[in-house]
Amino acid sequence: VARVYGAEITRGQLEETIEQMVPRSSYHGALSEERREQYREKALEALITTELQYQDAILRGVTASRGDVKDELKRLRASFRSSMEYKIWLQRAGLDEDGLKKRIERELTVRAAIAGIAEGPARMSDEALQEFYTANPGMFLEPESVSLRVISAASEKTAGQALAALEGGEDFSLVASRLSEDDFRDKGGDAGYVRKGMLYPQLEPVAFALRKGEVSNLIQAEGSWFVLKVEDIRPARKLTFAEAREKLKRDLEKKKSRELLEQWVDGLRAKAEIVIVSETTDSR
């Protein structure tokens with residue numbers, strides 16, 4: 001179906017990649033022709049990209065070690081319940097063990113190239129992270145939040161019974177476990193910490209007006225009746241560098257790695273010799 005610098009991408013490879021992309025919940029035969037064509041285009045682009053990456057990795061002298069290939073093959077075998085199941089899978093994939101080793105070698109070579117070209121250079125030092133943190137103070141403001149316990153019921157009568165029990169001195173978590181009709185009942189109504197924008201509009205002003213330990217009256221929202229209790233209040237504050245560091249490092253490195261990967265692939269495609277084979281063969 002395509003050639004990349006003369007290296008062939010076969011229809012079998014394309015169909016296998018399409019099968020991997022189609023969600024398991026979909027009945028493949030029920031896919032419209034338009035939808036299947038979208039998967040086909042996406043799968044072909046992925047195969048072309050991988051072939052370009054592999055060829056460039058080889059030119060750079062990047063190869064997977066025999067030990068890594070052996071370990072990955074061993075891990076793959078172990079993922080099957082029996083040797084017979086493994087052999088059946090090989091047959092269905094149109095592979096023998098040598099072919100599988102070559103496939104693993106290619107995958108690990110591309111991974112190694114990506115690690116060297118995109119992931120390694122994206123690593124950020126603590127000094128660089130601290131500099132970003134200092135230069136972008138607004139990104140690390142944590143808004144006010146409240147720790148809520150919630151009781152909800154479809155009927156005003158049930159919610160009213162819950163409120164009466166609370167006013168009679170019963171523990172909120174026990175009443176929630178007995179009378180609430182939402183998923184939080186299994187945790188005694190504990191909904192955890194919530195910020196503005198996370199609650200129904202009818203509940204939010206009440207939740208953020210309650211004092212610590214205070215219980216609300218009945219509130220109607222979205223076809224249900226609610227009773228809220230504020231367990232704790234966290235005022236708005238700025239996260240410290242130590243608190244923000246791990247997520248900041250992860251987010252910035254992921255963003256930089258993605259940018260470097262896109263630059264690499266765009267550069268490879270810009271000069272690539274790619275031929276798409278179809279009834280009317282064209283090249284690009």
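## Two loop residues with positive phi

Glu222 sits in the loop between β6 (219-221) and β7 (224-234). The model is predicted. Glu222 is not a glycine, yet its phi is positive, at about 50°. Is Glu222 buried or exposed? Its relative accessibility is 52%, so Glu222 counts as exposed, because the exposed class begins over 50%.

Gly223 belongs to the loop between β6 and β7 as well. Its relative accessible area is 58%, so Gly223 is exposed. How far is Gly223 from Pro143 in space? Their C-alpha atoms are separated by 29 Å, and the two residues are 80 residues apart along the chain.

Now turn to Tyr5. This residue lies in the loop between β1 (2-4) and β2 (7-9). Tyr5 has a positive phi, near 50°, and is a residue other than glycine. With a relative accessible area of 38%, Tyr5 is partly exposed.

## The nonpolar cores

The largest nonpolar core holds 27 residues. Which of them touch the most other members? They are Ile9, Leu14, Leu44, Ile48 and Leu52. Several elements each supply at least two residues of this core: β1, α1 (11-21), α2 (33-59), α5, α10 (241-270) and β9 (274-276). The largest share comes from α2, with 8 residues.

Another core lies apart from this one. It has 13 residues, among them Val146, Val150, Leu203 and Val230.

## Glu51 on helix α2

Helix α2 also carries Glu51. Is this residue buried or exposed? Glu51 is buried, because its relative accessible area is 8% and the buried class covers values under 20%.

Which residues does Glu51 touch, leaving aside those up to four places away in sequence? They are Val4, Ala7 and Arg106. The side chain of Glu51 also makes a polar contact of 2.8 Å with the side chain of Gln55. Ile9 is 42 residues from Glu51 along the chain, and their C-alpha atoms are separated by 8.5 Å.

## Thr109 on helix α5

Helix α5 spans residues 97-119 and includes Thr109. The relative accessibility of Thr109 is 0%, so Thr109 counts as buried.

What does the side chain of Thr109 reach at 2.7 Å? The partner is the backbone oxygen of Glu105. Thr109 also touches Tyr54, Ala57, Ile58, Val62, Thr63 and Ala64, with residues up to four places away in sequence not counted.

## Where α3 crosses α5

Helix α3 covers residues 66-78. Its axis and that of α5 come within 9 Å and cross at roughly 115°. The crossing of the two helices is right-handed.

Which residues meet here? From α3 come Asp68, Val69, Glu72, Leu73, Leu76 and Arg77. From α5 come Glu97, Leu100, Lys101, Ile104, Glu105, Leu108 and Arg111. The residues of this contact divide into 6 nonpolar, no polar and 7 charged. Glu105 thus appears twice in this report: it meets α3, and its backbone oxygen is reached by the side chain of Thr109.

How values were computed
Residues numbered from 1 in each chain as written. Predicted model: local features only at pLDDT ≥ 70, side-chain atom pairs only at ≥ 80, totals over all residues. Heavy atoms only, no water. Helix = DSSP H or I, 4+ residues; strand = E, 2+ residues; numbered from the N terminus. Buried < 20%, exposed > 50% of the residue type's maximum accessible area, 1.4 Å probe, protein only. Polar contact = N/O pair within 3.5 Å; in protein donor to acceptor, adjacent residues only side chain to side chain. Contact = heavy atoms within 4.5 Å. Core = buried A, V, L, I, M, F, W, Y, C linked by side-chain atoms within 4.5 Å. Axes fitted to C-alpha atoms, helices over the stretch in contact; angles between N-to-C directions. Left-handed = near helix turned anticlockwise from the far one by under 90°. Nonpolar A, V, L, I, M, F, W, Y, C, P; charged D, E, K, R; others polar.
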